[in-house]
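Trainee: Could you take me through this structure before I work with it?
Mentor: Certainly; please have a look at it first.

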Amino acid sequence: MAFRLYSNDLQDGAKMPAQQVFNGMGYHGGNLSPHLAWDGVPEGSKSFVITLYDPDAPTGSGWWHWVVANIPQDTRELPQDAGYGKASLPAGAIQTRTDFGSTGYGGAAPPQGESHRYQFIIHALDVDSIEVDEGSSGALVGFNVHFHHLGSATLTVKYT
């Protein structure tokens, strides 16, 4: 079985539901992180990292909307709204700084009139944890993931 990321809240290739859209910057979404689940985990996986990234943001470097690192190897899903603590993250998992300047989930918020892709990516790693903390940027997490990467799976939604 191939490594796969799926959700009860999102459909790959579809529009992001309002409950996952940012609440601010002119948007009035629910800003709830979605339920995410995965299977077909690569052999040797010892931990996971989940990221939400907008490659279309007009920054030259995209936009990190959510980063969860050090998810234990026996975890196979995150409940809806784990991004703000209403549902808990697994023990040992941490959320790092997003491009909104804080930790936690930040939903879709493209500039008015633009359509953007939002990539939820799970990375399987060959270590129990990577050396990051709540202040780490998405780029720093990605740098650490690069050296321990066993495989990844992506679920992409769009928002205009």
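Mentor: What follows covers the nonpolar cores, one residue in a strand, and a sheet.

Mentor: This is a predicted model, in which local features need pLDDT of at least 70 and side-chain atom pairs count only at pLDDT 80 or more, while totals for chains, interfaces and linings use all residues. Residues are numbered from 1 along each chain as its sequence is written, and side-chain values use heavy atoms, leaving out hydrogens and water.

Trainee: How many residues are in the largest nonpolar core?

Mentor: The largest nonpolar core has 30 residues. Such a core is a set of buried Ala, Val, Leu, Ile, Met, Phe, Trp, Tyr and Cys residues joined through side-chain atoms within 4.5 Å; buried means under 20% relative accessible area, exposed over 50%, partly exposed in between, with a 1.4 Å probe and protein chains only. Met-16, Trp-38, Ile-50, Trp-66 and Phe-120 have the most contacts inside this core.

Trainee: Which strands each supply at least two residues of it?

Mentor: They are E4 (36–39), E5 (47–54), E6 (63–72), E9 (116–125) and E10 (149–159). Strands (E, at least two residues) are DSSP runs numbered from the N terminus. Another core, of 12 residues, lies apart and includes Val-49 and Ile-130.

Trainee: Is Thr-51 buried or exposed?

Mentor: Thr-51, in strand E5, counts as buried because its relative accessibility is 5%. Leaving aside neighbours within four places in sequence, Thr-51 is in contact (heavy atoms within 4.5 Å) with residues including Trp-64, Trp-66 and Phe-120.

Trainee: And what is the order of the strands in the open sheet?

Mentor: The order is E1-E4-E7, with antiparallel pairing; two strands pair if DSSP finds at least two bridges between them. E1 and E4 pair over three bridges, and Leu-5 has Trp-38 in E4 as its bridge partner.

Terms used. Helices (H or I, at least four residues) and strands (E, at least two) are DSSP runs, numbered from the N terminus.
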